[in-house]
Amino acid sequence: MDGAQEVKIDEVVDVSEHELLEHNDQLLSENTKINFSKGWLIIFYCTAMFFLLIGFSIDGLNIVAPAFSKASGIEYSAVLGVSAIAGFAGLIAYFVIGRLNILFGARIISAVCLIGSGISYFFWGHATSLVGYTISMVCVVSFINGASYIAGGALVAQWFPKKKGLVNGFTTMGHNMGSAFYVPLIAFLIGTYGYQNGMSMASVLAIILGIFGLLFVRNMPQDRGMLPDNVSPAVYEKEYFTAEVEDEDYGWTVSKLLKTKELWLCSIIVGLNQLVTTGVMSQLVVRNSGLGFDIAFCVKLMTICAVIGVAGSYLFGWIDQKYGVKRAVMLFLGWYMLALLVNITDTKMGVLISVPMIGVAIGAAANFIISLPASVFGRHGFAKVYSVYFPIMSAVLFSNYVINALALKIGGSLRGAYIVFVVFLLINVVLIKALNVRKYNRDYMTEEELLKHNS
């Protein structure tokens, strides 16, 4: 290994994001241009997976859970509580999927998980008991998250290691489009064709996307005749870590990751962000209808929220790319707290003001699920890192269902949950300040060497 590029897992990047940004004109790989070439197919694929993720396992619950409760006669609060069980049961599956992703690659795992989610969604629609509903939901949540985040995250990290912020700004538009269009779609299908037939029709979408991924997606940009971030060979040799390393996990083991502070910080920060976002969006229709708006208007509000979120996805992706992920997260947290504080005024005007603000926030939140750990750990050994990070992050995320269920049971509304969410975001302000967002990233280590040489 070349002496200038030889790194150990415990080496620290001392140079700050700000110092690097001051020299940004020297780094041709660090820009906000969207010349992704064949990488657009990966962006489209990940965007579509996120669309289904939101529809199948989060926002679609606004329609699916009440519909199942009505069809089965089971109390709605009990149905809502199942989401927490499904989430925590999926944690083991995420670890297994993460290990399989290392062995077989993101292309195969994403395709298999998509097809699995489609089949599971079909059986979810045909469940007649709470046990059947729970088992089906566990499978849907596990498969769709495995495809979107575990396999999809590996694809983004490998194809766009330095433009992950900007790319996530595009891919996470799928989250918002899922909120905007999947909810009215599943509402129409269930309302028109019934609970079982409506769910069956929706399940086909995931199966088709899985087949598409198997046929056209590739694990590495080199497999499509291009380099990461679509840079030139000269830029790649100069500004990226290119040394050969025998260990494909680059020194990372499960044990070592569990002892790494940055792994836990990334998991908790993103987990709390997603806990809040999932808690808000999965019950946004229920929350707003409880403040005097009719259901039809609340669905429209959710659609407006999601459409605005498309702009939020790109805006915070651009901020991430231009000013660094830490600044982007800090700005996101401040904006989100303000949005929720406006909402808990429990006034109709407060709701109308907060909904577009929440839209921007949910558009931004999903960006950091991949961008933050990819920034800290880089693309080298990322599949191993993500296989440990994602289950921990998800354990934090799925607590939102417990919080929402308790808020409904104790206070009769979701206002108490929103207050708890604001506290969690405030905690994240402290945690993100403590995180070195470039610590183990070998591409950034190469940049540091380059900047030192040029200075």
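A salt bridge, as I will use the term today, is a side-chain nitrogen of Lys or Arg within 4 Å of a carboxyl oxygen of Asp or Glu. With that rule in hand, we can begin with Asp-346 and Arg-415, whose side chains meet in a salt bridge with 3.5 Å from N to O. Before I go on, please keep in mind that this is a predicted model, in which local features need pLDDT of at least 70 and side-chain atom pairs count only at pLDDT 80 or more, while totals for chains, interfaces and linings use all residues. Residues are numbered from 1 along each chain as its sequence is written, and side-chain values use heavy atoms, with hydrogens and water left out.

Let me stay with the charged pairs. Helices here are DSSP runs of H or I with at least four residues, strands are runs of E with at least two, and both are numbered from the N terminus. Asp-346 sits in the loop between helix H15 (325–343) and helix H16 (348–365), while Arg-415 belongs to helix H20, so this salt bridge ties together parts that are 69 residues apart in sequence. For accessibility, I call a residue buried when its relative accessible area is under 20%, exposed when it is over 50%, and partly exposed in between, using a 1.4 Å probe and protein chains only. Asp-346 is partly exposed at 33%, and Arg-415 is also partly exposed, with a relative accessibility of 33%.

How many salt bridges does a search of the whole structure find? The search gives 6, and another of them joins Lys-384 to Asp-249, with the closest N and O atoms 2.9 Å apart. Here Lys-384 lies in helix H18 (residues 382–397) and Asp-249 in the loop between helix H10 (233–239) and helix H11 (254–258), so the pair connects parts that are 135 residues apart in sequence. Lys-384 counts as buried, at 6% relative accessibility, and Asp-249 counts as buried as well, at 14%.

A further salt bridge brings together the side chains of Glu-447 and Arg-438, at 3.6 Å from N to O. Glu-447 is buried, with a relative accessibility of 0%, and Arg-438 is buried at 6%. Through shared partners, salt bridges join Lys-162, Arg-438 and Glu-447 into one network.

Lys-162 also appears among the contacts of Asp-443, where contact means heavy atoms within 4.5 Å. Asp-443 is found in helix H21 (residues 442–454) and counts as buried at 1% relative accessibility. Leaving out residues up to four places away in sequence, Asp-443 touches Pro-161, Lys-162, Glu-239, Tyr-240, Phe-241, Arg-379 and His-380.

Now to the nonpolar side. A nonpolar core is a set of buried Ala, Val, Leu, Ile, Met, Phe, Trp, Tyr and Cys residues joined through side-chain atoms within 4.5 Å. The largest such core has 137 residues, and those with the most contacts inside it are Tyr-121, Trp-124, Tyr-133, Val-280 and Leu-340. Helix H6 (residues 130–159) supplies the largest share of this core, with 15 residues. Which residues is Val-280 in contact with, leaving aside its neighbours within four places in sequence? They are Tyr-336, Leu-340, Ile-358, Tyr-418 and Phe-421.

Two of those partners, Tyr-418 and Phe-421, lead us to the aromatic rings. Rings of Phe, Tyr and Trp (its six-membered ring) pair if their centres lie within 6.5 Å, and planes under 30 degrees apart count as stacked, over 60 as edge-to-face and the rest as tilted. By this rule the count comes to 34 aromatic pairs. Phe-293 and Phe-297 form a stacked pair, 5.2 Å centre to centre with 25° between the planes; Phe-293 is buried at 11%, whereas Phe-297 is partly exposed at 32%. Tyr-418 and Phe-421 form a tilted pair, at 6.0 Å and 40°; both lie in helix H20 (residues 415–433), 3 residues apart, about one turn of the helix, and both are buried. Ring pairs also link Phe-51, Phe-56, Phe-68, Tyr-121, Trp-124, Tyr-133, Tyr-182 and Tyr-195 into a cluster.

I will finish at the surface, with Ile-92, which is found in helix H4 and is exposed, with a relative accessible area of 64%.
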